[in-house]
Amino acid sequence: MEFIWETQNGLEYLAMQKTRAAFKLSLRYCRQHEEVILAEKLAANLMDKQFNKFWQNVRKQSSAKVTAKVNTVAGCVDDYEISDMWKTHFDSLYHSVDDDGSKQTFLQRMSELNKQHGRYVITVHDIAVHCSQQKRAKSVGPDAIPMECFIFGGTRLYIHLSILFNCFIRYGYLPKPFMQSLMIPLLKVKSGNVTDVDNYRAIAVSTAVSKIFECATADEIVNVSDNDMYQFGFKKGHSTGLCTNILKHTVNYYSSRGSHLFLCFVDFSKAFDKVNYWKLLNMLLDDGISSILVGLLSFWFSHQEMCVKWNGVVSGCFSVGNGTRQGGVLSPYIFSRYIRGLLQSISASHIGCYIGCMPVNILAYADDVVILSPS
């Protein structure tokens, strides 16, 4: 007891008491003047022209209005009931696109193509490179295997993965667990109505091994066209800021010359979810992509299954008849390919804005499109 008494009256203990009191005093002041501090922080960001930080802080303040846990969605109150509701909702969404004959056209074309055309081999080196590029501490898929198992798996694991992936390509078959994904509904506008189904978007969390396989085949599947110059999404070195600057430059170019300028902003409803993947597969064949890889993608798209996870409750599985998985490695690139024809038609129409000889009548960032015309 004497030792404890001397310790609690020593210099270290007295310093701890002072710093603890100062911390509590500062914390009390921050709680009492929270709105003033936040307002001053926003004002400082504007004064320093730190616009990115300004809008980040605005979004953080809006997000603070969200409850820690949503108890009701679309009239459903129990986690199991909400999970089943999401299953029904997404099952309907992913069977909402009527086939226009693209499936029959694709199957006919595949039967006429040489199955050995453009053989593609995934090497052990490819696996090692793509595993080293994966991010850590990401959400696990339905198999509950984290990406770290493959990042630190070593050469022996990469050899087995190379053999497995090449078997997939050769025989055009994927096992059922490989094609399963976990759907997680996320709020779009956190300060909006958290009980509204339309205020949510779904992110598909795939298995770690399927992500590595997508990375290994991306270089062969992804292709580039001149019309992609109007698409600023999913491209290295491009950003929303670059797209916005071109839009502003075009507006200033016309307004400074006394001309009117009309803009039409287009936001497609459920753009990723309503892709007709049979039509997309025909587009990949048009681009000369290996018929073996395209056939494997057709098997994957038409046999994939998804289930919904809500507050730890996982629903039953359902099939997918249309759409691309938001969160998949290949999904952004193949979606860009899907709307390339739209960008090409408008850019080549000779209608709309020009700067010199360059048409600037359409700009796109993923599924967000703006059309520009002086009349």
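# How the labels are earned

Student: Why is F51 called partly exposed?
Tutor: F51 has a relative accessible area of 46%. Buried means under 20%, exposed means over 50%, and partly exposed is whatever falls in between (1.4 Å probe, protein chains only), so F51 gets the middle label.

Tutor: Quick ground rules: this is a predicted model, so local features need pLDDT of at least 70 and side-chain atom pairs count only at pLDDT 80 or more, while totals for chains, interfaces and linings use all residues. Residues are numbered from 1 along each chain as its sequence is written, and side-chain values use heavy atoms, with hydrogens and water left out.

Student: Where does F51 sit, then?
Tutor: In helix α4, residues 51-63; helices (H or I, at least four residues) and strands (E, at least two) are DSSP runs numbered from the N terminus.

Student: What makes the nonpolar surface patch that F51 belongs to?
Tutor: L46, F51 and W55 make it, at about 330 Å². Patch members need over 30% relative accessible area and no salt bridge; nonpolar side chains (Val, Leu, Ile, Met, Phe, Trp, Tyr) are joined within 5 Å, like charges within 9 Å. The 46% of F51 clears the 30% bar. The areas come from the Shrake-Rupley method with a 1.4 Å probe, and for residues only the protein chains shown count as cover.

Student: What about H160, buried or exposed?
Tutor: H160 comes in at 53%, which is over the exposed limit, so exposed is the label. Its place is in helix α9. The C-alpha atoms of H160 and I127 are 9.9 Å apart, with the two positions 33 residues apart along the chain.

Student: And why does P142 count as partly exposed?
Tutor: Its 33% relative accessibility lies between the two limits, so P142 is partly exposed. P142 is in the loop between α7 and α8, and its C-alpha is 7.1 Å from that of S206, 64 residues away in sequence.

Student: On to aromatics: what makes two rings a pair?
Tutor: Rings of Phe, Tyr and Trp (its six-membered ring) pair if their centres lie within 6.5 Å; planes under 30 degrees apart count as stacked, over 60 as edge-to-face, and the rest as tilted. Searching the whole structure turns up 19 such pairs.

Student: Why is F178 with F213 called edge-to-face?
Tutor: The ring centres are 5.8 Å apart and the planes stand at 80°, so the pair is edge-to-face. The two come from distant parts of the chain, 35 residues apart: F178 is in the loop between α9 (155-171) and β1 (180-187), F213 in helix α10 (residues 208-221). Both labels are buried, with F178 at 6% and F213 at 3%.

Student: And how do you know what kind of pair Y277 and W278 form?
Tutor: They are 5.5 Å centre to centre with 50° between the planes, which makes the pair tilted. Y277 and W278 are both buried.

Student: Where does F213 turn up in the nonpolar core?
Tutor: A nonpolar core is a set of buried Ala, Val, Leu, Ile, Met, Phe, Trp, Tyr and Cys residues joined through side-chain atoms within 4.5 Å. In the largest one, with 46 residues, F165 and F213 touch the most other members. Helix α13 gives the largest share of this core, eight residues.

Student: What makes D286 and R109 a salt bridge?
Tutor: The rule wants a side-chain nitrogen of Lys or Arg within 4 Å of a carboxyl oxygen of Asp or Glu. The rule yields four salt bridges. For D286 and R109 the N to O distance is 2.9 Å, so the pair passes. D286 in helix α12 and R109 in helix α6 are 177 residues apart. D286 is exposed at 52%, and R109 is partly exposed at 26%.

Student: How do you know that E305 and K176 still qualify?
Tutor: Their closest N and O atoms are 3.9 Å apart, and the cut-off is 4 Å, so the pair counts. E305 lies in strand β4 (residues 305-310) and K176 in the loop between α9 and β1, so parts 129 residues apart in sequence are tied together.

Student: What about D228 and R340?
Tutor: They form a salt bridge too, with the closest N and O atoms 3.1 Å apart. D228 sits in the loop between α10 and α11 (240-255), R340 in helix α15 (residues 340-347), 112 residues apart. D228 and R340 are both buried.
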